[in-house]
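Morning, everyone. One structure today, and I'll keep it brisk. Please take a look at the screen.

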Amino acid sequence: DINMPYVSGFEVLKKIRATESIASTPVWAFTANSGSDARAACKRAGFDDFIAKPIMRKDIMYLISRFTTV
């Protein structure tokens with residue numbers, strides 16, 4: 001979630017990307033702000049994808065299918 005209470009999702013993303021062993025892990029942004037500005041900010045920050053709340057099961061299933069191989 002981008003707007004977590006103690007640390008933003010952007011800060012968490014920075015820490016993940018700076019940690020070599022997990023830097024390539026797909027990270028998705030979740031937020032109640034569905035505007036194009038929020039989507040663009042997440043893309044610029046380096047999130048792999050974006051989902052606006054409320055989160056629908058079909059959205060999660062779509063992301064999982066994009067980032068996994070069966």
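What pattern does the protein follow, read along the sequence? It is α-β-α-β-α. That makes three helices and two strands. The radius of gyration is 12 Å, close to the 11 Å that the globule rule gives for 70 residues, so the protein is as compact as a globular protein of that length. Keep in mind that this is a predicted model.

Some overall numbers. Along the principal axes, the C-alpha atoms fill a box of roughly 35 × 30 × 20 Å. Of the 70 residues, 23% are buried. The exposed area is about 5,100 Å², and carbon and sulfur atoms supply 57% of that. Now the contacts. Take those with a separation of 6 or more: residues 24 or more positions apart account for 34% of them.

Next, helix 1, residues 9-18. Which of its residues are buried? Gly9, Leu13 and Ile16 are. Why do they sit on the same side of helix 1? Because they cover an arc of only 65° around the axis. Turn to the other side of helix 1, and Lys14, Lys15 and Ala18 are exposed. And the cover over the buried residues? Helix 2, residues 36-45, is included in it.

Stay on helix 1 for a salt bridge. Glu11 pairs with Lys14, and their closest N and O atoms are 3.5 Å apart. Both residues lie in helix 1, three residues apart, which is about one turn of the helix. Is Lys14 buried or exposed? Lys14 has 53% relative accessibility, so Lys14 counts as exposed. The cut-off there is over 50%. Glu11 has 34%, so Glu11 counts as partly exposed.

How many salt bridges does the count come to? Five. I'll show two others.

The first joins the side chains of Arg66 and Asp49, at 2.1 Å from N to O. This pair links distant parts of the chain. Arg66 is in helix 3, residues 57-67, and Asp49 is in strand 2, residues 49-52. They are 17 residues apart. Now compare the two ends. Arg66 is at 43% relative accessibility, so Arg66 counts as partly exposed. Asp49 is at 17%, so Asp49 counts as buried. The buried cut-off is under 20%.

What does Asp49 touch, leaving out residues up to four places away in sequence? Val27, Trp28, Ala29, Leu63, Arg66 and Phe67. So a carboxylate in strand 2 has its salt-bridge partner, Arg66, on that contact list.

The next bridge is between Asp59 and Lys58, with the closest N and O atoms 3.3 Å apart. Asp59 has 22% relative accessibility and therefore counts as partly exposed. Lys58 has 58% and therefore counts as exposed.

Last stop, the surface. Which residues make the nonpolar patch of about 350 Å²? Met4, Tyr6 and Val7 do. Met4 lies in the segment before helix 1. At 33% relative accessibility, Met4 counts as partly exposed. A residue needs over 30% to be part of a patch.

To recap, three things to take away. Helix 1 has buried Gly9, Leu13 and Ile16 on the same side, and exposed Lys14, Lys15 and Ala18 on the other. The Arg66–Asp49 pair links helix 3 and strand 2. And Met4, Tyr6 and Val7 make a nonpolar surface patch. Over to you for questions.

Technical notes:
Residues are numbered from 1 along each chain as its sequence is written. This is a predicted model: local features need pLDDT of at least 70, side-chain atom pairs count only at pLDDT 80 or more; totals for chains, interfaces and linings use all residues. Side-chain values use heavy atoms; hydrogens and water are left out. Buried means under 20% relative accessible area, exposed over 50%, partly exposed in between (1.4 Å probe, protein chains only). Helices (H or I, at least four residues) and strands (E, at least two) are DSSP runs, numbered from the N terminus. The arc is that of the directions from the helix axis to the C-beta atoms. Contact means heavy atoms within 4.5 Å. A salt bridge is a side-chain nitrogen of Lys or Arg within 4 Å of a carboxyl oxygen of Asp or Glu. Patches are made of residues with over 30% relative accessible area and no salt bridge: like charges are joined within 9 Å, nonpolar side chains (Val, Leu, Ile, Met, Phe, Trp, Tyr) within 5 Å. Accessible areas come from the Shrake-Rupley method with a 1.4 Å probe; for residues, only the protein chains shown count as cover. The radius of gyration is taken over C-alpha atoms; the globule rule is 2.2 Å times the number of residues to the power 0.38.
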